[in-house]
Every structure is written in structure tokens, then in C-alpha cells.
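Let's take a walk through this structure together. Have a look at it first, and then we'll go from the whole chain down to a few particular spots.

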Amino acid sequence: MRLSPTDLIINPDGSIYHLNLRPEQIADTIITVGDPERVPMVSKYFDKVELKVNKREFVTHTGYLAGKRLSVISSGIGTDNVEILMNELDALANVDFRTREVNFYHKTLNIIRIGTSGSLQSNIPIDSVVVSALGIGMDALGFFYETSGNNITDKMKSSFGLDFSPYCNPAGADLFNYFMDDAPENWLQGTTVTCPGFYAPQGRVLRYKAKIKNLMEKMSAFDIDGIKLTNLEMETAGYYLMGKLLGHQVLSISAILASRKTHEFSANPEKQVDTLIKQVLQRLR
Ligand SMILES: O=P(O)(O)O[C@H]1O[C@H](CO)[C@@H](O)[C@H]1O
Ligand SMILES: O=c1cc[nH]c(=O)[nH]1
């Protein structure tokens, strides 16, 4: 099938519309971060950076670490950006840009999000790391793609009084097993809730009346057959949904900066993120 010029938009220089990248400019293993300023925090550990491209919130550095080609790309905040990032990475990997035809052979990318998050449980303190086994989306992205819920999302809908159904997908099993095998002691497996906002959707209280009262407390107390919701952030469920639909291995790893239970926030978020970057790169070497 030939993808039309309005479905797959290719810039005059042969790069894809938002990411501004050509197919040969991404590695098969890609680290993603939210904050564009975190991209050089990752690539400074590469032995060599061969390419730096930026457009809007999407900043890309591609290079080598111990002979392995890696890209690091920023998404900005939210699953709407993740949808663009994942679709455009997939097109770069799996579409012939000259013919606009989908390649016969599917290439699976390995995509690892290094992010930050807030913990819902007292046994997940600041300075720990959550590796998301499941990503549950409380945003609307799941409504537009073929995906489904399960007993966890059904119970979330009724317990929190939602007018919509969350969606839920697992991490890429190969990446999850690779990173969790012999993982550092402070890396914990989690069930991550992805929210369409930082404030009311994460149960924060500022100068407004939230529609759902005590949402954070409700999420924290949620339990279904011993499965608890571990942490809140804004991208993981979008990555897991798109990874499953497009056939890529995706894993979301988050530094816990906030403990919503104890109301503590990290004294040195930059150091925490830097430690996590080094741990992830060490395992990718
Ligand atoms: O640290 P990053 O990857 O940006 O992730 C978290 O931080 C942002 C909110 O401050 C959201 O994007 C959330 O998912
Ligand atoms: O509490 C937090 C911390 C980081 N990112 C989030 O989305 N929430």
C-alpha cells in the first residue's frame, strides 16, 4: 500500500514531518526522554555523536557507545507527543521513503523511556526506580486505536467514578526481562498510571475544585488481587499502546522524584536522573 502525501508527510529534504529525521538517521535502539534538555545529558556519555537534529520538542542525538549505535530523542510531555514520536519512528524504520510502500520485512525497534514519576506507595520511596510492567492510560489516546481494558481498568473505572475506560498494555517482554534480570536493588517492578495532566488528573490540589475527590488517595488504596497502582506519570501507556500496535519493544523506566504518600519531593532530581541514565547505558553497552 502506497501511503499518501497527507498520511505520511515527508519534508523536502527527505525527513519525516515532525522529527525532521531521515530513515538512516535513527539507530535500532532508541532512548527517549521527555525533556529536550535531557538529550545531551544522555549523549554526553556516548563515545561519539554523529548527528544532532531538532525540531519543536523533538531533539535527536545519534551516536555510538562501546560500538553500539544508539539514538536519544526527546518527546516533550504527554501521550499526544508519544503518538507522533512512535508513528514517525515506525515509519522511519518500516516504510520505504522513495516509494512510500511499507517494507516487506518488519524492523522491530528497541525503545527505552528514561523518565520521572511520582510514587503512590510508601514502599516505593524517592530515589527508587520503577520499571513499568504495565502502562494504564487515563488519557483519550486509547480511544482512537484498537486496544482493550482488563479487570484492572474495569475496577479503576468503577472505583474512581470515571466516565471513560482506561486502557492497559504490557511492556515489551524481551526488554523488560533484559532490564529486570539482575537489576539494581532500588529498581522495582510497577503498574504505572499515565495521566493526561500533572495536576487534577494526578490528584494534585491547587486553586481549583477537582471533579474526582481524593483521586490520589483512591489510586494509592486501589488493590485488585494484590495488584496495586505504583506510580503516576504522563507517557508510559501511550508508549506501550503504540509499541504493541506497531510491533516494537518498549520499556518505560522512571526515577521516582515525588512520593505522593509522604509529600516529599527529590532534593536533587538532576542527580537522580543522571544516575538512572548511567545505569540504563551500562546495561545497553
Ligand atoms: O520526566 P519526563 O520524562 O518528562 O516525565 C514526567 O515528567 C513530566 C511532568 O513533569 C511528564 O512528562 C511526566 O511523565
Ligand atoms: O509526580 C510526578 C512526578 C513526575 N512526573 C509526573 O508526571 N508526576
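A quick word on vocabulary before we start: helices here are DSSP runs of H or I with at least four residues, strands are runs of E with at least two, and both are numbered from the N terminus. Keep in mind, too, that this is a predicted model.

Start with the big picture. The protein has seven helices and 15 strands. Its C-alpha trace spans about 55 × 40 × 35 Å along the principal axes. How does the radius of gyration compare with that of a compact globule? For 285 residues, such a globule would come out near 19 Å, and the protein has 19 Å, so the two agree. Buried residues account for 41% of the 285. There's also plenty of long-distance pairing along the chain: of the contacts between residues at least 6 apart in sequence, 75% join residues at least 24 apart.

Now for a stretch with a label. The UniProt record, an unreviewed entry, places the feature "domain: Nucleoside phosphorylase" at residues 30-265. Over residues 30-265, the chain is 25% helix and 35% strand, and the C-alpha atoms at the two ends sit 29 Å apart.

Next, the ligands. Around ligand 1 you'll find Val33, Gly34, Asp35, Ile77, Gly115, Thr116, Phe198, Glu233, Met234 and Glu235. That shell is a mix: four nonpolar residues, three polar and three charged.

Ligand 2 has a shell made of Thr116, Ser117, Gly118, Phe198, Gln202, Leu232, Glu233, Met234, Leu257 and Ala258. Which strands supply at least two residues each to the shell around ligand 2? They are S7 (110-119), S13 (231-233) and S14 (249-259). S7 gives the largest share, with three residues. By type, the shell around ligand 2 holds five nonpolar residues, four polar and one charged.

Finally, let's stop at a single residue, Phe222. Phe222 sits in the loop between helix H5 (215-221) and strand S11 (223-224). Is Phe222 buried, exposed or partly exposed? A buried residue needs 20 or more other C-beta atoms within 10 Å, while an exposed one has 12 or fewer. Phe222 has 18 C-beta neighbours inside 10 Å, so it counts as partly exposed. Setting aside neighbours within four places in sequence, Phe222 is in contact with Met156, Ser159, Lys228 and Leu229. Gly238, on the other hand, is 16 residues from Phe222 in sequence and 22 Å from it in space, C-alpha to C-alpha.

Notes. Residues are numbered from 1 along each chain as its sequence is written. Chains are lettered from A and ligands numbered from 1 in the order in which they are written. This is a predicted model: local features need pLDDT of at least 70, side-chain atom pairs count only at pLDDT 80 or more; totals for chains, interfaces and linings use all residues. UniProt positions are given in the numbering used here, feature names are shortened, and annotations may be inferred rather than shown by experiment. A residue is near a molecule or strand if its C-beta atom, placed from the backbone, lies within 6 Å of it. Ala, Val, Leu, Ile, Met, Phe, Trp, Tyr, Cys and Pro count as nonpolar, Asp, Glu, Lys and Arg as charged, and the others, Gly among them, as polar. Two residues are in contact if their C-beta atoms, placed from the backbone, lie within 7 Å. The radius of gyration is taken over C-alpha atoms; the globule rule is 2.2 Å times the number of residues to the power 0.38.
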